[in-house]
Amino acid sequence: MQEAKSLLSIRDQVKGMPVDNAILLMAEKAARLLLQGYREAHPEWEDDKTPIDDLASWLGLYVETFHPEDYAAGTFGFMDPDEGEDLVWLCRDLKETLRRFTLAHEIGHAILHCQNGRRLNELSE
């Protein structure tokens, strides 16, 4: 799997790069690898719209909601990178576009930062 090999060497590729560029490059490669893995596991998926909720489930993530007044204004979603519970929290009153964006953002955290990169390693195998 060429993409996996390039992702595994990403740390070598980004040495000396400004931090923002390195993070962006790593996130883009992880997203491509994730979608490639999902597509291989779900060959029936032909739609251009990413099935973000199915993608979360496929990764073993659970999604729960919180009331907008429970957290500071502007908190749309989060997950605790130190917890092993695979739980994504989303604000329950989000419009669909913002909900999908926020869930995708949290999936990125789950892949890149949670559980010592376990999901990223699994996708790279």
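In this short talk I will go through the overall fold, the nonpolar core, one surface patch and two arginines of a predicted model.

Let me begin with the chain as a whole, which contains 6 helices and 3 strands, and which, when we read along the sequence, follows the pattern α-α-α-α-β-β-β-α-α. The chain has 125 residues, of which buried residues make up 36%, and its accessible surface comes to about 8000 Å², with 51% of that surface belonging to carbon and sulfur atoms. If we take the contacts with a separation of 6 or more, residues 24 or more positions apart account for 56% of them.

Now to the inside. In soluble globular proteins, nonpolar side chains tend to be buried together. Which residues have the most contacts inside the largest nonpolar core here? That core has 20 residues, and those with the most contacts inside it are Leu-34, Leu-61, Leu-103, Ile-107 and Ile-111. The elements that each give two or more residues to this core are the helices α3 (19–41), α4 (52–58), α5 and α6 (118–124), together with the strand β3 (87–91). To look at one core residue in detail, Leu-61, once we leave aside its neighbours within four places in sequence, is in contact with Ala-56, Met-79, Asp-86, Val-88, Ile-107, Ala-110 and Arg-119.

Let us turn to the surface, where Phe-76, Leu-98 and Phe-101 make a nonpolar patch of about 290 Å². Phe-76 is found in the loop between β1 (62–66) and β2 (77–78), and Phe-76 counts as partly exposed because its relative accessible area is 36%, which lies between the 20% limit for buried and the 50% limit for exposed.

Finally, I would like to spend a moment on helix α5, which spans residues 96–112 and includes Arg-100, and which also holds Arg-99. Is Arg-99 buried or exposed? Arg-99 is buried, because its relative accessible area is 18% and buried means under 20%. Leaving aside neighbours within four places in sequence, Arg-99 is in contact with Asp-53, Leu-90 and Leu-94.

Arg-100 is buried too, yet Arg-100 has no salt bridge. The nearest side chain of opposite charge is that of Glu-96, which is 4.9 Å away, and since a salt bridge needs the charged atoms to be within 4 Å, this pair does not qualify. Not counting residues up to four places away in sequence, Arg-100 touches Lys-49, Thr-50 and Ile-52.

Technical notes. Residues numbered from 1 in each chain as written. Predicted model: local features only at pLDDT ≥ 70, side-chain atom pairs only at ≥ 80, totals over all residues. Heavy atoms only, no water. Helix = DSSP H or I, 4+ residues; strand = E, 2+ residues; numbered from the N terminus. Buried < 20%, exposed > 50% of the residue type's maximum accessible area, 1.4 Å probe, protein only. Lys, Arg positive; Asp, Glu negative; His and termini not counted. Contact = heavy atoms within 4.5 Å. Areas by Shrake-Rupley, 256 points an atom, 1.4 Å probe, with all protein chains shown as cover. Patch = residues over 30% accessible without salt bridge, like charges linked within 9 Å, V, L, I, M, F, W, Y side chains within 5 Å. Core = buried A, V, L, I, M, F, W, Y, C linked by side-chain atoms within 4.5 Å.
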